[in-house]
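Thanks for coming. I will go through one structure today, part by part, and I will keep to what can be read from the model.

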Amino acid sequence: MDEYKIKSIEEGLTKIEFPEFDKISSDAPVFYNPNMELNRDLSILAIQVFQKNEQREINICDLFGGSGIRGIRYKNEIDGVGTVCINDISETANFYERHNIKLNDLNDIEVFQHDASMFLRMKRGEFDVIDIDPFGTPSPFLDSAGYCARRNSLLCVTATDTSALCGTYKEPCIRKYNAKPYKSEYCHETGIRILAGFVALTLAKYGKYIEVKMSHSTEHYMRLYLYVKKGPKKTDERLKNIGYISHCKHCLHRQTSKGLASPIEDVCPVCGEKLIHAGPLWLGEIQNSEFIQNMIEETENKKINKEKEALKLLNSCLNEANAPATFYDVHKICKSMKISAPKLDLIFDEIEKNGHIAIKTHYNPLGIKSDASIKYIRHILFSLCESE
Ligand SMILES: C[S@@+](CC[C@H](N)C(=O)[O-])C[C@H]1O[C@@H](n2cnc3c(N)ncnc32)[C@H](O)[C@@H]1O
């Protein structure tokens, strides 16, 4: 191995070492991103909840190991873990993964050097948890994950190509996720739904279906925690959650329609302008309240440096669990009405007073998830503005 200046860090109960680098990039000799600590903390909570629900020893695959931090933390910090397999295509990464396993004095962690898809094809049915945390898009690896994933397992997926999923660039999204994005004010939620829809359609080829237990969009990445189950009939049933979100950029009305190839309305029912469609995407549940509540409770049992951030995010996702798809952005609506935005609390009160749901969202501090129509939201904003 080349001589590198070594850096040591600690996350949770785990210490690792890796070659120091100037800039976080895929060009570093071994990849370690401190900004993903929250992602790893949440993964520990989610996998622990999964393990407790299953009440059995679980084997985990850390498919893109890098420094080994993820797989090593899973073995070190989650109860009921059998074997962890850490895979990475890079020999240097493998060297530091082995080094860090020794540093933490751990057994039952195996290191592999394969292309991720080849590795999953070789290990069919061997894992209870598959963690896919690649550079950029997970798309090329999902087919092999669908082939490998066993019945009643957990699939954890990261995507960092948010510009594609959010629709900044349309073509890469079509290319990678076979879906048309749309860059609306709620494009991060659309992105999560496109990713979940693509996983569902990919796994369906293998007679497997997903239940989304938790999902979030944070900084430069999106993350999904999915139960994988098996059975062609239920797979067909669950695919009915695939559909489209249609958006009117004139009056900001939006609507959803389920069905992969069902006819979709083209004209906005509110103002008569043309609707823009995003999808196919997942219109089923993207936050599961019981699972998230268990993750929150699990924070008591773990040493997590990012606990405050983790709890803030988890509580927000918990609230979102029963909310409808998409959300309104108060500033965007007020701008289109040429009025200044009333206080957020007043808007929430007013929506709820009239019997509608009004829920904050982790996607945007100015976002409101509501079952009220855009016409009604505009009416509330206008009257609040008048009375100020
Ligand atoms: C984003 S990093 C992984 C970070 C790690 N999961 C963590 O939490 O720190 C991606 C890793 O995937 C490896 N890699 C890239 N292409 C691969 C492939 N086709 N198969 C397996 N590993 C690959 C890279 O060497 C790199 O270490």
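How do the residues of the shell around the ligand divide into nonpolar, polar and charged? There are 10 nonpolar residues, five polar ones and five charged ones in that shell. Before I go on, please note that this is a predicted model. Around the ligand there are 20 residues, and those that come nearest are F64, G66, I89, A116 and D133.

Now to the seven-stranded sheet. This sheet is open, its strands follow the order 5-4-3-6-7-9-8, and the pairing is mixed. At the edges are strand 5, residues 109-112, and strand 8, each of which pairs on one side only. On average, neighbouring strands here are turned by 15 degrees against each other, with direction ignored. Helix 1, residues 37-54, packs on this sheet. The strands that helix 1 touches are strand 3 (58-62), strand 6, strand 7, strand 8 and strand 9 (221-230). Between the direction of helix 1 and that of strand 7 the angle is about 165 degrees.

Let me take the two edges in turn. At one edge, strand 5 pairs with strand 4, residues 81-87, in the parallel sense, and the pairing has four bridges. Within it, N87 of strand 4 stands opposite F112 of strand 5.

At the other edge, is strand 8 mostly covered or mostly open? Strand 8 is mostly covered, with nine of its 11 residues buried. Strand 8 runs antiparallel to strand 9, and 10 bridges join the two. One of the pairs is K208 with its bridge partner K230 in strand 9. The two strands form a hairpin with two residues between them. In the turn, E219 has a positive phi of about 45 degrees.

Next, helix 5, which covers residues 139-148. Helix 5 is also mostly covered: seven of its 10 residues are buried. Those residues are S139, F141, L142, S144, A145, G146 and C148. What do they pack against? Among the helices, their partners are helix 4 (116-122), helix 7 (170-177) and helix 8 (187-204). Among the strands, they pack against strand 6 (129-132), strand 7 (153-159) and strand 8 (208-218).

On to the second sheet. This one is open too, with three strands in the order 11-10-12 and antiparallel pairing. Strand 11 and strand 12 each have a single partner strand, so each has one side without a neighbour in the sheet. Here the average turn between neighbouring strands is 25 degrees, direction ignored. Helix 8 packs on this sheet and touches strand 10 and strand 12. The direction of helix 8 makes about 50 degrees with that of strand 12.

Strand 10, residues 242-247, and strand 11, residues 254-258, run antiparallel and are joined by five bridges. In this pairing, I245 has T256 as its bridge partner, and H247 stands opposite R254. Their hairpin has six residues between the strands, and L252 takes a positive phi near 70 degrees there.

One residue of this sheet gets a closer look: W282, found in strand 12, residues 276-282. Why does W282 count as buried? W282 counts as buried because it has 27 C-beta neighbours inside 10 Å, where 20 are enough. Leaving aside neighbours within four places in sequence, the contacts of W282 are R193, A196, G197, A200, V212, N241 and I242. For a sense of distance, W282 and Q48 are 234 residues apart in sequence, and their C-alpha atoms are 26 Å apart in space.

Last, a pair of helices. Helix 12, residues 330-337, and helix 14, residues 374-387, pack with their axes 11 Å apart, at an angle of about 75 degrees. The two helices are therefore roughly perpendicular to each other. Which residues make the contact? From helix 12 they are I333, C334 and M337, and from helix 14 they are I377, R378, L381 and F382. Six of the contact residues are nonpolar, none is polar and one is charged. As a general point, residues three or four places apart in an α-helix point the same way, because the helix has 3.6 residues a turn.

That is the end of my part.

How values were computed:
Residues are numbered from 1 along each chain as its sequence is written. This is a predicted model: local features need pLDDT of at least 70, side-chain atom pairs count only at pLDDT 80 or more; totals for chains, interfaces and linings use all residues. A residue is buried if 20 or more other C-beta atoms lie within 10 Å of its own, exposed if 12 or fewer, and partly exposed in between; C-beta atoms are placed from the backbone. Two residues are in contact if their C-beta atoms, placed from the backbone, lie within 7 Å. Two strands pair if DSSP finds at least two bridges between them. Axes are lines fitted to C-alpha atoms, for helices over the stretch in contact, and angles run from 0 to 180 degrees between N-to-C directions. A residue is near a molecule or strand if its C-beta atom, placed from the backbone, lies within 6 Å of it. Ala, Val, Leu, Ile, Met, Phe, Trp, Tyr, Cys and Pro count as nonpolar, Asp, Glu, Lys and Arg as charged, and the others, Gly among them, as polar. Angles under 35 degrees count as roughly parallel, over 145 as roughly antiparallel, 65 to 115 as roughly perpendicular and the rest as oblique.
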